[in-house]
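Please open the model in your viewer and keep the sequence panel beside it, because each stop below begins with a selection.

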Amino acid sequence: MSKRIAVFPGSFDPLTNGHLDIIERASHMFDQLIVAVGTNTGKRPLFSVEEKIDMIQAVTANLPNVSVETISGLTVTFMHEHHATFLIRGLRNDQDFNYERDIANMNRTLAEDVESVFLLAKPENAQISSSILKEIVHFDGDVSAFVPAVVWTHLQEKRQQERQEKN
């Protein structure tokens, strides 16, 4: 019997409690879950890929079947390289669904063996987005309720660096 390997790709800039919830839930559904950390080419990242990997590894250390890797090309290519057939995506709202449905259909066209699995965000995580959180932090807001503690510490450090660079 082959292992059920899933990939959860994203920029995770920063990792939120919503992302972590999806990781935890997916880790119980599959034999192996690979969190694939990439860079959104349409946005300027706050954290380097290495910083994001370190944070994700820290908060998933208690999940033995979860690994964290870098992704730089097509997700379906990465999946084939890792013998994964399930693609995990989190859905917060109907806009996410429409966007993810179109990507799932394209991925299916590129690789018939890839099955997208959509996990609905818990109500308490549905309003969380990395972009919104970064904006709040930029204006010195507290987002500690929406991110793991290690991420909150890194966000505060980034904000402090940003202030020092302005002075």
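The tour goes from the whole chain to an annotated stretch, and then to the interior and the surface.

Begin by selecting the entire chain, bearing in mind that this is a predicted model, and colour it by secondary structure, which comes to six helices and five strands. Following the cartoon along the sequence, you will pass through the pattern β-α-β-α-β-α-β-α-β-α-α. The radius of gyration of the chain is 16 Å, close to the 15 Å that the globule rule gives for 167 residues, so the chain is as compact as a globular protein of that length. If you align the view with the principal axes, the C-alpha atoms fill a box of roughly 55 × 30 × 30 Å.

Next, select residues 7-135, where an unreviewed UniProt entry places the feature "domain: Cytidyltransferase-like". Over this selection the chain is 42% helix and 21% strand, and a distance drawn between the C-alpha atoms at its two ends comes to 28 Å.

Return to the whole chain and colour by relative accessible area: buried residues make up 42% of the 167 residues. If you then display contacts between residues at least 6 apart in sequence, 73% of them join residues at least 24 apart.

Finally, switch on the surface, of which the chain exposes about 9,400 Å², with carbon and sulfur atoms supplying 52% of that area. Selecting the charged side chains brings up 16 positive and 23 negative ones, and the centres of these two sets lie 3 Å apart.

Terms used
Residues are numbered from 1 along each chain as its sequence is written. This is a predicted model: local features need pLDDT of at least 70, side-chain atom pairs count only at pLDDT 80 or more; totals for chains, interfaces and linings use all residues. Side-chain values use heavy atoms; hydrogens and water are left out. UniProt positions are given in the numbering used here, feature names are shortened, and annotations may be inferred rather than shown by experiment. Helices (H or I, at least four residues) and strands (E, at least two) are DSSP runs, numbered from the N terminus. The radius of gyration is taken over C-alpha atoms; the globule rule is 2.2 Å times the number of residues to the power 0.38. Buried means under 20% relative accessible area, exposed over 50%, partly exposed in between (1.4 Å probe, protein chains only). Contact means heavy atoms within 4.5 Å. Accessible areas come from the Shrake-Rupley method with a 1.4 Å probe; for residues, only the protein chains shown count as cover. Lys and Arg count as positive and Asp and Glu as negative; His and the chain ends are not counted. The place of a charge is taken as NZ of Lys, CZ of Arg, CG of Asp or CD of Glu.
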